[in-house]
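I opened this one with no background and kept a running notebook. Below is what I looked up, in the order I got to it.

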Amino acid sequence: MCLPVREQVLRALWLFAVLDAGLLLDGGMLYPRESSSREVKELSGLWVFRADRSPNRKQGFDEAWYKQRLEETGPVIDMPVPASYNDITQDPAIRDFIGWVWYERELVVPAHWIRDETIRLVLRVGSAHYNSVVWVNGVNVTQHEGGHLPFEAEVGDVIRKDPTGSCRITIAVNNTLTLHTLPPGNIQYMNDRTRYPIGFFVQSIYFDFFNYAGIHRPVLLYTTPKAYVDDITVVTDFSDNTGLVSYKVSVKGAVTAALKVTLIDKQGHCVASSNGPFGVLKVQDVNLWWPYLTHENPGYLYSMEVRLSAADEKTTYEDVYTLPVGIRTVNVTSTQFLINNKPFYFHGVNKHEDSDIRGKGLDWPLIVKDFNLLKWLGANSFRTSHYPYAEEILQMCDRHGIVVIDESPGVGIKDIRSFGNVSLNHHLFVMEELVRRDKNHPSVVMWSVANEPASEMPPADYYFKTVIKHTRDLDPTRPVTFISSSNFARDKGAPYVDVICINNYFSWYHDPGHVEVITLQLNTEYDNWHEKYKRPIIQSEYGADAVPGVHVDPPVMFTEEYQKVVLQNYHKVFDQKRSQYLIGELIWNFADFMTTQGVTRVVGNKKGIFTRQRQPKAAAFILKERYWRLANETGRLPLWTKYPCPL
């Protein structure tokens, strides 16, 4: 039974207060959007690039390359941004380069940005792997540890020091992984001089995807007024046909400010409004945000327009920021996952930000193609394996109703030294950055703090108990999970999570070639997990490699036929357990992707149901038929709905 509206408002305010208290970082991370008070200049395109090939990779810092044009320091090449640098050239040393690389871009800043000192200028990097140092006109403006998440700095004072000259941006990026980074890794120096030259080292990694590096997402220069909307937090709820949007607006640059908050529907009509930095907006005849294939109108978004007015002794400031808002709730029981109080069954994929030439670089044609393929499959969800994806991808999920399990870069935590306090504190900070960035996306329904860590190690119990509790404190409105491997007896993280997510590869890594054992082993594992922890279960990975175009009957490993048979045997168990406690199935993987070179991988991981070029294997048609059947069984659409609409 739904609570009365008054009790729902109190509950929304309580949740909002807890969530707001949990965000400890100083300052917001609102996605840069143009408005009547804000302008955005995108710096995508060709940058100047130089890899520091010195033995210690520190020549650039020793010689202060940032103090002059990069081409004056030595040979440079063109490099596109955003993109990984690894596959752009024909130089194998660049493809596998570990250490500092340097990017530079000169630009002309609009004159009115420089003249008007009431304008705040901000430089934002969408993501760079993994550690970054940024200079503007030779002045250090910021540095950031970790990839996959944005960072920014105010640069107006630096640019205005020389208003007649061009603006030179220099970014040094280092992809070295250590035991304390996320993801972790280790540098091994080879000291046998009969086999290796002086200074030879190898970057060891503990994850199964290529360590792409560079500036992977757009670099932006944007403006706000000196008094501006710094952050917005929303928590949504509903009672019957009344939607509730609890909000808080953070303001910087003004001691006092007047705020007008307006919620606007898709037709441009105002449906609720309020004054002040916090409150609850009540929406009559609410359109809820529904996942794809569960409602005839999925992904419904309102627009929350925040208008700020402030003044000091010299100037009056006005700022306008508009945030898309989806009104929905998420809850978990011991056997179900509920969206808007209705059982939701995840039938989707795991993905990677990975493609030919671009590596992990943001690529709009690829994003739109992938969403068309997701809809063609009948997939309603995916996990951001194994790191946060670009904000632009989450915005697409919001608009199209694709449900997201949002995962941190905590993949490959295998060494006991990666469970110490240095690693733990960094992991906590990364979760704060992730929640701060993605807290308002209705598509994000769960946080995943790690993938397949060595959770049997003694320090893991305290480590993951702390990370999971911290994440739940940051955002009590969403469940928290981490991804377990087939390690039921020794797992230390499961007691603390809200949903059990399991990766296993029966008849592939275990009992290879024996598909006949899948149903027995999978049934046993499910029953053990649920009997012990009383949590709903998602099969968060399963699958088999298939080299496209390779066919053998009877099926053998690496053929398209074998991939199909593995999937079909898993599906038999899924259909048995869906009526009990299984709440989802996510295939590994959506598309083939690149990995480091090794004897177990033939030019990458071939577990995709699509090739790396997004062409379907036979398994894609198995999934398509299944997912559309599941949509008709578990969703609320009529049975005649068989094919998705184009984007």
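I started with Asn 340, which I put down as buried because its relative accessibility is 3% (buried means under 20% relative accessible area, exposed over 50% and partly exposed in between, with a 1.4 Å probe and protein chains only). I noted that Asn 340 has a positive phi of about 55 degrees, although it is not a glycine. Its place is the loop between strand 24 (337-339) and strand 25 (342-343); helices (H or I, at least four residues) and strands (E, at least two) are DSSP runs, numbered from the N terminus.

Before going on, I wrote down the ground rules. This is a predicted model, so I kept in mind that local features need pLDDT of at least 70 and side-chain atom pairs count only at pLDDT 80 or more, while totals for chains, interfaces and linings use all residues. Residues are numbered from 1 along each chain as its sequence is written, and side-chain values use heavy atoms, with hydrogens and water left out.

Next I checked Ser 507, which also is not a glycine and has a positive phi, of about 70 degrees. I found Ser 507 in the loop between strand 31 (500-503) and helix 10 (518-533). Is Ser 507 buried or exposed? It is buried, with a relative accessible area of 0%.

**Cis peptide bonds**

I looked up the bond between Leu 182 and Pro 183: it is a cis peptide bond, with omega about -5 degrees. Pro 183 sits in the loop between strand 11 (167-174) and strand 12 (185-189). I noted another cis peptide bond between Ser 385 and His 386, with omega about -5 degrees. His 386 belongs to the loop between strand 27 (381-383) and helix 7 (391-400).

**Four residues and their surroundings**

I took Leu 362 next, in the loop between strand 26 (346-350) and helix 6 (364-377). Leu 362 is buried, at 14% relative accessible area. Which residues does Leu 362 contact, leaving aside neighbours within four places in sequence? I listed Pro 82, His 216, Arg 217, Pro 218, Ile 367, Ala 390 and Glu 392; contact means heavy atoms within 4.5 Å. I also noted Ile 215, which is 147 residues from Leu 362 along the chain, with 9.5 Å between their C-alpha atoms.

Tyr 31 came after that, in the loop between helix 1 (5-22) and strand 1 (40-42). Outside four places in sequence, I found Tyr 31 in contact with Arg 124, Tyr 321, Glu 391, Glu 392 and Gln 395. The C-alpha atoms of Tyr 31 and Leu 323 are 9.0 Å apart, with the two positions 292 residues apart along the chain.

I then looked at Val 325 in strand 22 (residues 316-325). Val 325 counts as buried because its relative accessibility is 1%. Beyond four places in sequence, the residues touched by Val 325 include Val 234, Thr 236, Val 245 and Leu 263. Met 304 is also touched by Val 325, and these two are 21 residues apart in sequence and 6.5 Å apart in space, C-alpha to C-alpha.

My last single residue was Pro 298, in the loop between strand 20 (278-284) and strand 21 (302-311). Pro 298 is partly exposed, with a relative accessible area of 22%. Not counting neighbours within four places, I saw Pro 298 in contact with Trp 290, Pro 291, Tyr 292 and Arg 399.

**Stepping back**

I counted up the elements last: twelve helices and 33 strands. Of the 647 residues, 60% count as buried. Residues 24 or more positions apart account for 73% of the contacts with a separation of 6 or more.

Where is the largest nonpolar core busiest with contacts? It has 87 residues, and those with the most contacts inside it are Phe 371, Phe 382, Val 449, Phe 464 and Tyr 526. Helix 12 (residues 618-634) gives the most to this core, with seven residues. I also found a second, separate core of 36 residues, including Phe 49, Ala 51, Leu 123 and Val 158. A nonpolar core here is a set of buried Ala, Val, Leu, Ile, Met, Phe, Trp, Tyr and Cys residues joined through side-chain atoms within 4.5 Å.

For overall extent, I noted that the C-alpha trace spans about 80 × 75 × 45 Å along its principal axes.
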